Amino acid sequence: MSEDWAPRTRLVHSGTRRSQYGETSEAIFLTQGFVYPSAEVAEARFVESGPDEFIYARYGNPTVRMFEERIAALEGAEDAFATASGMAAVHGALFSALKTGDHVVAAKALFGSCLYIVETLLPRFGVEVSFVDGTDLDQWRAAIRPDTRLVFLESISNPTLEVIDIAAVAAIARESGALTVVDNVFGTPIFQRCFDLGADVVVYSATKHIDGQGRCLGGVVLGSKTFIRKTLEPFLKHTGGALSPFSAWVMLKGLETLDLRCRAAAAAAQRLAEAVSDHPALAQVLYPGLDAHPQAALARRQMETGGTVLSLDLAGGKAAAFRFLNALRIVQISNNLGDAKSLVTHPATTTHQRLTPEQRQALGIGDGLVRLSLGLEDPADLIADVRQALDAA
Ligand SMILES: *Cc1c(COP(=O)(O)O)cnc(C)c1O
């Protein structure tokens, strides 16, 4: 059944577990533990738990399971494990799969906390990491070795929105038997089908588009049944990164509207990118949906839209960027993204502040760069707001 359904139908119905009351909307099972009708049942459950049998919420919970099954159905993944945040998902996926002596290749343009795990934590445990420019396939080919166990990348990089060729990188990784792990937050589960492109493991911060209304932290790791149950689950269930049943319910309900929300935000991003691309205050508009994007053809092949985030490079540097941020009336200043509210951030002074100017330069993060996450407001209002703020800049 569920395999025949289109994504929007899966997002509404897959994974539903109805209680004896026949509720329409999924229940929140806000319970830590579960009771057993007899000592024999308790014993049997610790030997092996069936699909509707739970032991403790750190291991699993019916509401959390609904969220995991629904997103797995959307992605076409065999299984999923939900986590307390996107970083618990990234940490779990990497640390459960790696051990001392392994080699990892990672794209160098990574979300700040992902970079900390890969650059600082993994080497502390004897994992060697090589960084590459993710858009340069020759660098991937040169860096991957016979002992490379895993490659890690963000499909669209933050905040410069470079597109990495997932299919090509996954094919190179597979030749050495390395796992390809993709953080697909910017691509979204709607627009970029990482498993079809050859990824082995996909991670999300559900905090972003999946909640989509700025309420709860959450994350999820998706992959084969073997990876999720044999590699990841033992690590996560004993290290405590479990998602709260309440947050799982928020994410589960978020999935019902995910497709509609992502499409609305991406349409607004496309319109805005086109509407402001010749504004005199701008040195550049970075958006994978624009023909002018350096990887427009790859973006079109790999993603259904240009995504919900765009970056603007203001010609007047930091002063112009700050004037722009402060003049915006609808778009709010925040380092977050994937919200119903449109949000703007100045990476050089916030999310990427701890990098040196040289490191920022190498990542293409200039003082005039601002990142805009499109929300669900009327696109015409957003365009007018961004235009007046650019005029003020
Ligand atoms: C936000 C984000 C994360 C971390 O997610 P949290 O839910 O904040 O822990 C990881 N990767 C990317 C690309 C993100 O945007």
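Helices (H or I, at least four residues) and strands (E, at least two) are taken here as DSSP runs, numbered from the N terminus. By that reading, the chain holds 14 helices and 12 strands. Its radius of gyration, taken over C-alpha atoms, is 21 Å, close to the 21 Å that the globule rule (2.2 Å times the number of residues to the power 0.38) gives for 393 residues, so the chain is as compact as a globular protein of that length. The model is a predicted one, in which local features need pLDDT of at least 70 and side-chain atom pairs count only at pLDDT 80 or more, while totals for chains, interfaces and linings use all residues. Residues are numbered from 1 along each chain as its sequence is written, and side-chain values use heavy atoms, with hydrogens and water left out.

The C-alpha trace spans about 75 × 50 × 35 Å along its principal axes. Of the 393 residues, 55% are buried (under 20% relative accessible area, 1.4 Å probe, protein chains only).

Turning to the ligand, 13 residues surround it (a heavy atom within 4 Å), and the closest are G86, D183, S205, T207 and K208. By class, this shell comprises five nonpolar, five polar and three charged residues. Oxygen atoms of the ligand also pair with protein atoms: a side-chain N or O atom of T207 lies 2.6 Å from one, a polar side-chain atom of S205 lies 2.8 Å from one, and a backbone N or O atom of M87 lies 2.9 Å from one. The protein covers 91% of the 380 Å² of accessible area that the ligand has on its own (Shrake-Rupley method, 1.4 Å probe).

Note on methods: Polar contact = N/O pair within 3.5 Å; in protein donor to acceptor, adjacent residues only side chain to side chain. Nonpolar A, V, L, I, M, F, W, Y, C, P; charged D, E, K, R; others polar. Buried < 20%, exposed > 50% of the residue type's maximum accessible area, 1.4 Å probe, protein only.
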